[in-house]
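These are my notes on the model, set out as numbered points. They take the contacts between chains first and then turn to one chain's domains.

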Amino acid sequence: MYSLSYRRASSVEEARRLFKEASDAAYLAGGHTLLPAMKQRLAAHDVLVDLGAIADMKGIGVSGDGLTIGGGVTHAEVAGSQEVKGAIPSLAALAGSIGDAQVRHRGTLGGSIANNDPAADYPAAALALAATIRTDGREIAADDFFTALYETALEEGEIVTGVSFRIPETAGYAKFRNPASRYPMAGVFVARHKDGTVRVAVTGAGNEGVFRWSEAEQALSGNFAAEALAGLSVDPDMMMGDIHGSPEYRANLVAVMARRALGSLGSAEAII
Amino acid sequence: MSVEGIGARVARKEDKRFITGQGRYVDDMSVPGMKHAAFVRSPHAHARVGAINAEAARAMPGVVAVLTGAEMAADGIGNLICGWMIHSKDGSPMNMGAWPALASETVRFVGQAVAVVIAETKSQARDAAEAVEVEWEELPAVSDVLGAIAEGAPQIHPEAPGNLIYDWEIGTKDEVEKAFGEAAHVTRMDLTNNRLIPNAMEPRAALARYDAADDHFTLWTTSQNPHTARLVLSAFYNVAPEHKLRVVAPDVGGGFGSKIYIYPEEITCLWAAKKTGVPVKWTGDRSEAFLTDAHGRDHVTVAEMAFDANNRITAFKIDTIANFGAYMSLFSSAVPTYLYATLLSGQYDIPLIHCNVRAVYTNTAPVDAYRGAGRPEATFVVERMMETAARELSVSPAELRRTNFIREFPHQTPVIMLYDAGDYEASLNAALEASDYAGFAARKAEAQRRGRLRGIGISCYIEACGIAPSKAVGSLGAGVGLWESAEVRVNPVGTIEVLTGSHSHGQGHETTFAQLVASRLGVPLDNIAIVHGDTDSVQFGMGTYGSRSGAVGMSAISRAIDKVEAKAKKIAAHLLEASEGDIEIADGEVRVAGTDKKLGWHEVCLAAYTGHNLPDGMEPGLKEGAFYDPANFTFPAGAYVCEVEIDPETGHTDIVQFVAADDFGRIINPMIVEGQVHGGIAQGIGQALLEGCVYDEGGQLITATYNDYAMPRAHDLPSFRVSTTETICPSNPLGIKGCGEAGAIGSPPAVINAITDAIGNNDLSMPATPEKVWRALHAAGGGLREAAE
Amino acid sequence: MVTVSMTVNGRQVSKEVEDRRLLVDFLREDLGLTGTHVGCDTSQCGACVVHLDGKAVKSCTMLAAQADGASVKTIEGLADGAELHPLQAAFKEHHGLQCGFCTPGMIMSGADIIARHGSDLDEATVRLELEGNICRCTGYHNIVKAILAAAGEMGGGMKQAAE
């Protein structure tokens, strides 16, 4: 790791200020993406602004049709939260399937969303649950938030303070894990919302990161069941390929995981 | 069986320090004035090394020195060696290219070191290593064996035209060809044994100190064989003469072969410690381990097996190309020859065998022995062939094996080995019974109803362990003898220290070796200490690898105990005025058989040291040593049965049952033996399902972290069902065969045989990743749809 | 440089370290607690697992400064004086370790698993929960067995032994 300065912020405002004062700062949340990259000297920042002590980013609350989770809430806290389990059980289950137990104790929702790693789990839930990403300055619809691989609509220095998920009528998540890294090679979150709309979001597989699978959404709007997806597949040209899975294989996994997500509504299935 | 002696399930004496965080690994150590080393490594698979500009690095905070290969060569530090000479079939010696610890002219794999930075802290050393500027002139590179032997391939070493190290053969080619001409059936397969990265959990490390006043070096290092390290460092690398070099291998966090070899970093730290006058420590990180630890396996093979009309094997021919990487590592040359081709008879009576092996350079990390070393590759060839032949001949895989089992011992194979004892039918029967092989069809049908494809596979392996005798291995080209030494030091109060040349890095020697002593001399385990891993303490030793510590290391201890026992009996006979032949030693007492005359063990020991009343002419003291050179290899063997379920939609494989029935000869501690088998099976399943080292065409390592190299995790594996059958090994005094590698040797073909059985397609390579299985299933047609519906 | 203060194994410590100091290096090199190990550089192997405010974390993937004000427990602090923690005893009894390098992380993770699952612990759960800890020696067989046995011992209940 290159030399750096560590700053712990106690409020969002302080974090913004510390960030602005530095020449090339980064926010430090759970650190489980940033620190490994910095340790391997693949990334360098002169200042790390730690968001871990900001109390305003910690809460979980339900109001009306929305479930709002603070950006600083850890995956373990989401997985264990009675509010989340009650409102969107498959979201709690998704959080409980991220990484490993130690990662879940440190990794945060805000960090995961802001990084937009193509293999992260949360972006699929954010898209399928028509989430609103709350930052220190504005609200961004999930549909507008994830712009490209590792890229989001966030401005320089903007902080994800929380995410409001729309509470669906029912939802499910299924993923197939990469045998080495254990990140999803294909993760599909399906949700039927109370207004009858269906959303299907895919992570881990697309060559441009998380995406909504519109053909599946159409197919499922009439019949929200696995059989409605029979014969439906994504275009392998849109898929990533690497030593663990070719685009064709990932395309197959997307179709299979979508069906399985429908078979595990109210929970999450992780195949490992 | 006593509660502590041979055969007892004793909890390990060494555990307490590990479970309380008090283990002492190399990176846990520090000495006053110690500085830290970081290496400047090649980002290229093949390049000429131009000017090295270290000016900026030398000026950075904390930097003590930046040293290069040119300076090392100028100081007369020798090149790394390969210690086993193989001659090609035309009689020419193997073509070995030069391997300097720090390259000054050419680098031949990504990660090869060209310079070292010594600095106050680890971070400062890394910072400065990055600031060292090297002018690289990139050269064309090749990473796979077929590419390396193709016409026009990049030439890696001037000493090895066409990148060929040797072209070696064993067996009788003409007779084999004749038998194929007369065969009723021939089974032919193309087989790849995938390249693996060992991944002992403790990365390699070295701490070197030079004491100028005594002109003496100390090296603490992650070694499986500290005496061999000292010998090689002295005799070939000219770092220091043996009597001026102490090598200590303290607690070592796993080896699996990868810590047998003496690596450039150890040589460099020793040399740098003298050159800079400060103790130097280097601790590799996992990324360096991926790039620079000796890798394992990597064979490409064509095999053909001829059968007569009664399904008896009449001949077997094998053509193998082995990837050695960019340099010949210490024992690399022996692996695909004497540790591989000599095991190609498996458990079967095969009258004629011919095997040709070509060893080839590529621009990848050096390849050497990894758990099993040659024997997993041989077992994979033989057992994939047997399963495939059974399918082609429409006989049950178990039956085809039974038809061809060797049943009389000793048995001379056509490929050197003289099998001394075994009962292959017994282990196969035990494994079939434990796995309820007969009930498989019902389980398959039940799985089918759940949409899962279930398959079962057998593997009957044999291995040769405790490589020996020294005279024989010498005649085959080994540069060292393969005996073991021990010293049994009885103290005046009767407690005992055993100094052994074996090295424990997880095997539990502090317990099993003590159990042997307890059994023989009637002393409680708490009064016995096993000393190993320090060339200043232990007389000499060849170390631990090749499942040799039980069969060879303990036999040496047994021989030393013989001498101690004889002397103690003489002393006791003298003191008790009895005949030496009537003295018995047991339960802490030395007795005259059939009488109530006795002495405490401690009384005899004290008498040995006071010397007040010893037989005429006897020297005082009670300390004896032995160098034990075995009469033959040992031949552990067994049968493994693997049962899998495949998810046809994803190709994901679940190992639902894994049964092992091993014959290890006599067992000292069943709990520890089972643990060895568990770990070996996990590594074998890892090879079969998960692990595969991948370089791209240009020689960049793709699987360079745990994000891309799939290590077996707890949920990839079931609990294993292991058992043993026993035929006593006649070739050593304890009847031990060895158990360290069996699991890794026997399991890969069992897994692949099971998967191919499940999916109905025999064309499947390791690692059988979900995508490969899914594709093989598709290629096979039917199975997928049937199961899905 | 930054001054970090925390409670480690019940003892208050305070040191000035580089901002980039990782918690694991702080424990090993500044405090001499070398029982916590480093087995990889990508946060996967789990040899470095310690408890931070009662929860298992990978000490290689946080800065020492992030732990300022926290309470850290390492393998050295698990036993109650001379008396081994039930999990330590179970690892010994069931041969849950060979080379010992992954062992401190395994034991700290095991304690965390038992604390979170209590009586719900079964073999499948233990295997899933060990996702973040890699062992190369044991094939996990006896590690799983030891954790289940300790859970039983600690009153967590043991639905199914790993046989």
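1. A salt bridge joins the side chains of C:Arg136 and B:Glu691, with an N to O distance of 2.7 Å. The model is a predicted one, and this pair is a convenient place to start on the contact of chain C with chain B. Five salt bridges are found by the rule across that interface. Polar contacts there come to 28 residue pairs, counting those with both residues at pLDDT 80 or more.

2. Which elements of chain C give two or more residues to the side that touches chain B? They are helix H1 (23-30), helix H2 (86-93), helix H3 (103-117), helix H4 (123-129) and helix H5 (141-153) of chain C. H2(C) contributes the most, at four residues. Sorted by class, this side of chain C holds 18 nonpolar, 15 polar and 13 charged residues.

3. On extent, 46 residues of chain C and 54 residues of chain B take part in the contact. Chain C and chain B bury about 4,200 Å² between them, and carbon and sulfur atoms give 54% of that area. Within chain C, the residues that lose the most area to chain B are C:Lys92, C:His95 and C:Arg136, which together make up 19% of what that side buries. C:Arg136 is thus named twice in these notes, here for the area it loses and above for its salt bridge with B:Glu691.

4. Chain A also meets chain B, through 25 residues of chain A and 28 residues of chain B. The area buried between chain A and chain B is about 2,100 Å², with 47% of it on carbon and sulfur atoms.

5. How many salt bridges does the rule find across the interface of chain A and chain B? It finds seven. One of the salt bridges in the model pairs A:Glu248 with B:Arg775, whose closest N and O atoms are 3.5 Å apart. Helix H11 (residues 247-263) of chain A supplies the largest share of the side of chain A that touches chain B, namely eight residues. By class that side has 13 nonpolar, seven polar and five charged residues. Between chain A and chain B, 16 residue pairs are in polar contact, both residues being at pLDDT 80 or more.

6. Chain B itself is divided into domain 1 (31-139 + 203-253 + 259-292), domain 2 (393-467 + 632-788) and domain 3 (483-628). The C-alpha centres of domain 1 and domain 3 of chain B are 40 Å apart. Contact between these two domains involves 16 residues of domain 1 and 14 residues of domain 3. They bury about 1,300 Å² between them, 52% of it on carbon and sulfur atoms.

7. In domain 1 of chain B, the residues losing the most area to domain 3 are B:Gln224, B:His227 and B:Arg246, together 45% of what that side buries. B:Arg246 also forms a salt bridge with B:Asp534, the closest N and O atoms lying 2.6 Å apart. The rule finds two salt bridges across this domain interface, and nine residue pairs are in polar contact with both at pLDDT 80 or more. Helix H7 (226-235) and strand E11 (245-248) of chain B each give at least two residues to the domain 1 side. That side has eight nonpolar, five polar and three charged residues.

Key. Residues numbered from 1 in each chain as written. Chains lettered and ligands numbered in written order. Predicted model: local features only at pLDDT ≥ 70, side-chain atom pairs only at ≥ 80, totals over all residues. Heavy atoms only, no water. Contact = heavy atoms within 4.5 Å. Buried area = accessible area lost by both parts, 1.4 Å probe. Salt bridge = Lys/Arg side-chain N within 4 Å of Asp/Glu carboxyl O. Polar contact = N/O pair within 3.5 Å; in protein donor to acceptor, adjacent residues only side chain to side chain. Nonpolar A, V, L, I, M, F, W, Y, C, P; charged D, E, K, R; others polar. Domains from an automatic or database assignment.
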